[in-house]
Amino acid sequence: MVATETEHQIVYASSITSCFPGLELLKDRHIFCTTGLFPQELIIKFPNVVNLISMGLISSYIGTLSLYRTVKDAPHSWQHFSTYELLNDDTLQNHVLEMQAVTATYLRVVIESGFSNFVCVYRLEINSKDVSSTL
């Protein structure tokens, strides 16, 4: 996990098994693997309001990925801010998704479609900066 000035945690994963506990993805020891239905999602909580700068993603077979954010104290009232169409060439998908300093207390990562029934996220790195003291 990479975080600039903030620590964060996954508070919800739509697909959890004993072999692939998605809630542990940010701890570099586990992967998030879907169960074959779409959409699939992860919700990430930040300890304070942050500016999201970028997200690094190593995955396989993800087609469309959408990002939502909220600045509420609980994960609701989502605002869509970006959608990415990822390419599939039968190798690992390695992307850095720039976010242009989007503010959030929660980030919702939604896998809308895939190139296979099962897609995997092997690594998710979020670069963010705590801005709660400036609000």
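The exercises below, each followed by a worked solution, concern a predicted model of one protein chain.

**Exercise 1. The overall fold**

Determine which secondary-structure elements the protein chain contains and in what order they run.

*Solution.* Begin with the count of elements, which comes to zero helices and seven strands. Reading from the N terminus, the order is accordingly written β-β-β-β-β-β-β. Next, turn to the contacts between residues at least 6 apart in sequence, of which 76% join residues at least 24 apart. Finally, consider the surface: 45% of the 135 residues count as buried, while the chain exposes about 6,900 Å², with carbon and sulfur atoms supplying 51% of that area.

**Exercise 2. Strand β4 and its partners**

Establish how many residues of strand β4 are buried, and which strands are joined to β4 by bridges.

*Solution.* Strand β4 spans residues 62–70, and nine of its nine residues are buried. To one partner, strand β6 (residues 93–114), β4 is joined by eight bridges in an antiparallel arrangement, and within this pairing Thr-70 has Tyr-106 as its bridge partner. To strand β5 (residues 79–85), β4 is joined by six bridges, again antiparallel, with Thr-64 standing opposite Glu-85. A side-chain detail can be added at Tyr-68, whose ring lies beneath the charged end of Arg-108, at 4.9 Å from the ring centre. Pairs between aromatic rings, by contrast, number zero.

**Exercise 3. The loop between β2 and β3**

Locate Pro-39 and Gly-36, and work out which residues distant in sequence each of them contacts.

*Solution.* Pro-39 belongs to the loop that connects β2 (32–33) with β3 (40–60), and Gly-36 is found in the loop between β2 and β3 as well. For Pro-39, first inspect the backbone, where the peptide bond from Phe-38 is cis, with omega of about 5 degrees; most peptide bonds are trans. Then look beyond neighbours within four places in sequence, where Pro-39 is in contact with Val-110, Ile-111 and Glu-112. The C-alpha atoms of Pro-39 and Ile-111 are separated by 5.4 Å, although these positions lie 72 residues apart in the numbering of the chain. For Gly-36, the corresponding contacts are Asn-117 and Phe-118, and the C-alpha of Ser-15, 21 residues away in sequence, is 9.5 Å away in space. Gly-36 counts as buried because its relative accessibility is 18%, under the 20% cut-off.

**Exercise 4. Ser-60 and two residues with positive phi**

Decide whether Ser-60, Tyr-61 and Ser-77 are buried or partly exposed, and describe the backbone of Tyr-61 and Ser-77.

*Solution.* Start with Ser-60, which is placed in strand β3 and is buried, since its relative accessible area is 7%. The side chain of Ser-60 makes a polar contact of 3.2 Å with that of Tyr-122, and the contacts of Ser-60 beyond four places in sequence also include Leu-92, Gln-93, Val-119 and Cys-120. Moving to Tyr-61, one reaches the loop between β3 and β4, where this residue is partly exposed at 29% relative accessible area. Most residues other than glycine have a negative phi, whereas Tyr-61, which is not a glycine, has a positive phi of about 70 degrees. Ser-77, in the loop between β4 and β5, likewise has a positive phi, here of about 55 degrees, without being a glycine. Its relative accessibility is 44%, and Ser-77 therefore counts as partly exposed, between the cut-offs of 20% and 50%.

Notes
Residues are numbered from 1 along each chain as its sequence is written. This is a predicted model: local features need pLDDT of at least 70, side-chain atom pairs count only at pLDDT 80 or more; totals for chains, interfaces and linings use all residues. Side-chain values use heavy atoms; hydrogens and water are left out. Helices (H or I, at least four residues) and strands (E, at least two) are DSSP runs, numbered from the N terminus. Buried means under 20% relative accessible area, exposed over 50%, partly exposed in between (1.4 Å probe, protein chains only). Contact means heavy atoms within 4.5 Å. Accessible areas come from the Shrake-Rupley method with a 1.4 Å probe; for residues, only the protein chains shown count as cover. Rings of Phe, Tyr and Trp (its six-membered ring) pair if their centres lie within 6.5 Å; planes under 30 degrees apart count as stacked, over 60 as edge-to-face and the rest as tilted. A charge sits over a ring if NZ of Lys or CZ of Arg is within 6 Å of the ring centre and within 35 degrees of the ring normal. Two strands pair if DSSP finds at least two bridges between them. A polar contact is a pair of N or O atoms within 3.5 Å; within protein, one must be able to donate a hydrogen and the other to accept it, and residues adjacent in sequence count only if both atoms are side-chain atoms.
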